[in-house]
Amino acid sequence: MASFLQLKNYRRGKKRVYFTKNELAQLLQTYSQNVTTGHWRDYAIDHNIGMALFSVFRSSHEIPLYVFAKFPETSSQPTEFAVFTPQKKLIQDQNLSIVLQKINMRPQLISSDKRNFFCPI
């Protein structure tokens, strides 16, 4: 005879995490500013168990330049936002606006004839 398993007993209590309307508006505003300057061209949104991800790409065939992650609030920690590159975690803060400001202030390499210059976005 078959027995039924209740999946709620096997789940760890983590739920899917989503960006709020305000958070998504802030992310898309930053995205659109970088699209107009030619730095970013594509994005992806993932809602996973335990985190929400907003990834930006230079082209749709590459790995993400940045991944903005939202980690849900727990009993011991408030909601956290972090930015990752393929190599490392750049920034983590409880306020998405601060995280986005720090990303916009990061220097970018731009080319001019025979020289390379660093300048803020």
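# Chat about a predicted model

Me: Starting with His 47: how exposed is His 47?
Reply: His 47 counts as partly exposed because its relative accessible area is 29%, which falls between the 20% limit for buried and the 50% limit for exposed. Keep in mind that this is a predicted model.

Me: Which strand is His 47 in?
Reply: You'll find His 47 in strand β1, which covers residues 42-48.

Me: And what does His 47 touch, if you skip its neighbours within four places in sequence?
Reply: His 47 is in contact with Arg 16, Val 17, Tyr 18, Phe 19 and Ala 52 once those neighbours are left aside. With Val 17 there's also a polar link: the His 47 side chain reaches the backbone oxygen of Val 17 at 3.2 Å.

Me: How far apart are His 47 and Val 17 in sequence and in space?
Reply: They're 30 residues apart in sequence, but C-alpha to C-alpha the distance is 5.8 Å.

Me: Ok, zooming out. What's the order of elements along the chain?
Reply: Going from the N terminus, it runs α-β-β-β-β-β-α-β-β. That makes two helices and seven strands.

Me: How much of the chain is buried?
Reply: 27% of its 121 residues count as buried. The accessible surface adds up to about 9000 Å², and carbon and sulfur atoms hold 52% of that.

Me: And what share of the contacts comes from residues 24 or more positions apart?
Reply: Taking the contacts with a separation of 6 or more, 30% are between residues 24 or more positions apart.

Me: Let's look at α2. Which of its residues are buried?
Reply: Helix α2 spans residues 96-104, and its buried residues are Leu 96, Val 99, Leu 100 and Ile 103. They sit on the same side of α2, because they cover an arc of only 95° around the axis.

Me: Why would that spacing put residues on one side of a helix?
Reply: An α-helix has 3.6 residues a turn, so residues three or four places apart point the same way.

Me: What does that buried side of α2 pack against?
Reply: The buried residues of α2 pack against helix α1 (21-36) and three strands: β3 (66-71), β4 (80-84) and β5 (89-93).

Me: Anything at the start of α2? Which side chain reaches the backbone there?
Reply: Asn 95 does. One of its side-chain oxygens comes to within 3.0 Å of the backbone nitrogen of Ser 97.

Me: Which residue has its side chain in polar contact with the side chain of Ser 97?
Reply: That's Gln 26, at 3.3 Å. Gln 26 belongs to helix α1. Besides Ser 97, Gln 26 is in contact with Leu 96 and Leu 100, leaving aside neighbours within four places in sequence.

Me: Is Gln 26 buried or exposed?
Reply: Buried: Gln 26 has 19% relative accessibility, and the cut-off for buried is under 20%.

Me: Switching to charges. How many salt bridges are there?
Reply: The count comes to one salt bridge. It joins the side chains of Lys 70 and Glu 23, with 2.9 Å from N to O. The pair ties together distant parts of the chain, since Lys 70 is in strand β3 and Glu 23 is in helix α1, 47 residues apart.

Me: Are those two buried or exposed?
Reply: Lys 70 is buried, at 8% relative accessible area. Glu 23 is buried as well, at 12%.

Me: Next up, Gln 92. Where is Gln 92, and which side chains does it have polar contacts with?
Reply: Gln 92 lies in strand β5. Its side chain makes a polar contact of 2.7 Å with the side chain of Glu 80, and another of 2.5 Å with the side chain of Lys 89.

Me: How far is Gln 92 from Glu 80, C-alpha to C-alpha?
Reply: 6.9 Å in space, with their positions 12 residues apart in sequence. Not counting residues up to four places away, Gln 92 touches Phe 81 and Ala 82 as well as Glu 80. Gln 92 itself is partly exposed, at 35% relative accessible area.

Me: Last one: which residues make the nonpolar surface patch?
Reply: Leu 28, Tyr 43 and Ile 45 make a patch of about 220 Å². Ile 45 lies in strand β1 and counts as partly exposed, at 32% relative accessibility.

Terms used: Residues numbered from 1 in each chain as written. Predicted model: local features only at pLDDT ≥ 70, side-chain atom pairs only at ≥ 80, totals over all residues. Heavy atoms only, no water. Buried < 20%, exposed > 50% of the residue type's maximum accessible area, 1.4 Å probe, protein only. Helix = DSSP H or I, 4+ residues; strand = E, 2+ residues; numbered from the N terminus. Arc of directions from axis to C-beta. Contact = heavy atoms within 4.5 Å. Polar contact = N/O pair within 3.5 Å; in protein donor to acceptor, adjacent residues only side chain to side chain. Patch = residues over 30% accessible without salt bridge, like charges linked within 9 Å, V, L, I, M, F, W, Y side chains within 5 Å. Areas by Shrake-Rupley, 256 points an atom, 1.4 Å probe, with all protein chains shown as cover. Salt bridge = Lys/Arg side-chain N within 4 Å of Asp/Glu carboxyl O.
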